[in-house]
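The following paragraphs lead through the charged and buried side chains of one protein chain. Please keep the sequence and the three-dimensional view at hand while reading.

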Amino acid sequence: MIQIFGTRKCKNTRKADRFFRERGVKIHFVDLREKGISPGELKSISNSISLEDLIDTKGREYEKNNLKYMKFNIAEELLNNPLLFKTPIARFKGRATVGNQPETWKEWIKEID
């Protein structure tokens with residue numbers, strides 16, 4: 001099963017949800033406003049995507065926390081504040097993508113069939 005982390009308000013997360021639904025693929029959606037990513041999930045995701053690529057340095061939450069001007073542990077900040085993640089994050093069989101990645105997702109769907 002494909003897992004998607006994001007927020008319902010995020011345009012790209014809605015695109016990912018629609019992409020899979022239109023192809024009849026069941027997903028497990030995790031709303032980052034309600035539930036964060038566990039340390040184990042973050043470790044698994046970071047095997048495919050660097051922590052630097054996971055944090056949304058252009059987002060409202062990053063600016064609100066003044067992280068631009070601070071040194072910090074990226075993993076710690078992401079675990080403490082899941083709204084700092086770029087979204088959507090999609091996971092399938094130990095692999096992960098961030099952002100809108102339909103070409104990769106098409107490959108994943110081939111493996112499901």
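Helix α4 spans residues 60–64 and holds both Glu61 and Lys64, which lie three residues apart, about one turn of the helix. In this predicted model, the side chains of these two residues meet in a salt bridge, with an N to O distance of 3.6 Å. The two partners are covered to unlike degrees: Glu61 is buried, because its relative accessible area of 16% falls under the 20% limit for burial. Lys64, at 59% relative accessibility, counts as exposed, since the exposed class begins over 50%.

Side chains of opposite charge can pair when their charged atoms come close. A search of the whole structure finds seven salt bridges, and the pair in α4 is a salt bridge of this kind.

Helix α6, residues 102–112, offers a further example. Glu103 forms a salt bridge with Lys106, the closest N and O atoms being 3.4 Å apart. Because Glu103 and Lys106 are three residues apart in α6, about one helical turn separates them. Glu103 is exposed at 56% relative accessibility, whereas Lys106 is partly exposed at 36%.

What else does α6 present along its length? Trp105, Trp108 and Ile109 are buried in this helix. These three residues cover an arc of only 105° around the axis, so they lie on the same side of α6. Glu103 and Lys110 are exposed on the other side of the helix.

Another residue of α6 reaches a partner outside the helix. The side chains of Glu111 and Arg95 meet in a salt bridge at 2.8 Å, N to O. Glu111 lies in α6 and Arg95 in strand β4, residues 95–98, so the pair ties together parts that are 16 residues apart in sequence. Both partners are partly exposed, Glu111 with a relative accessibility of 37% and Arg95 with a relative accessible area of 31%. Through salt bridges that share partners, Lys93, Arg95 and Glu111 are joined into one network.

Charge also gathers on the surface in another form. Lys11, Arg14, Lys15 and Arg18 make up a patch of positive charge there. One of these residues, Lys15, is found in helix α1, residues 11–22. Lys15 counts as partly exposed, because its relative accessibility is 33%, and a residue enters such a patch only with over 30% relative accessible area and no salt bridge.

Terms used. Residues numbered from 1 in each chain as written. Predicted model: local features only at pLDDT ≥ 70, side-chain atom pairs only at ≥ 80, totals over all residues. Heavy atoms only, no water. Patch = residues over 30% accessible without salt bridge, like charges linked within 9 Å, V, L, I, M, F, W, Y side chains within 5 Å. Areas by Shrake-Rupley, 256 points an atom, 1.4 Å probe, with all protein chains shown as cover. Salt bridge = Lys/Arg side-chain N within 4 Å of Asp/Glu carboxyl O. Lys, Arg positive; Asp, Glu negative; His and termini not counted. Charge placed at Lys NZ, Arg CZ, Asp CG, Glu CD. Helix = DSSP H or I, 4+ residues; strand = E, 2+ residues; numbered from the N terminus. Buried < 20%, exposed > 50% of the residue type's maximum accessible area, 1.4 Å probe, protein only. Arc of directions from axis to C-beta.
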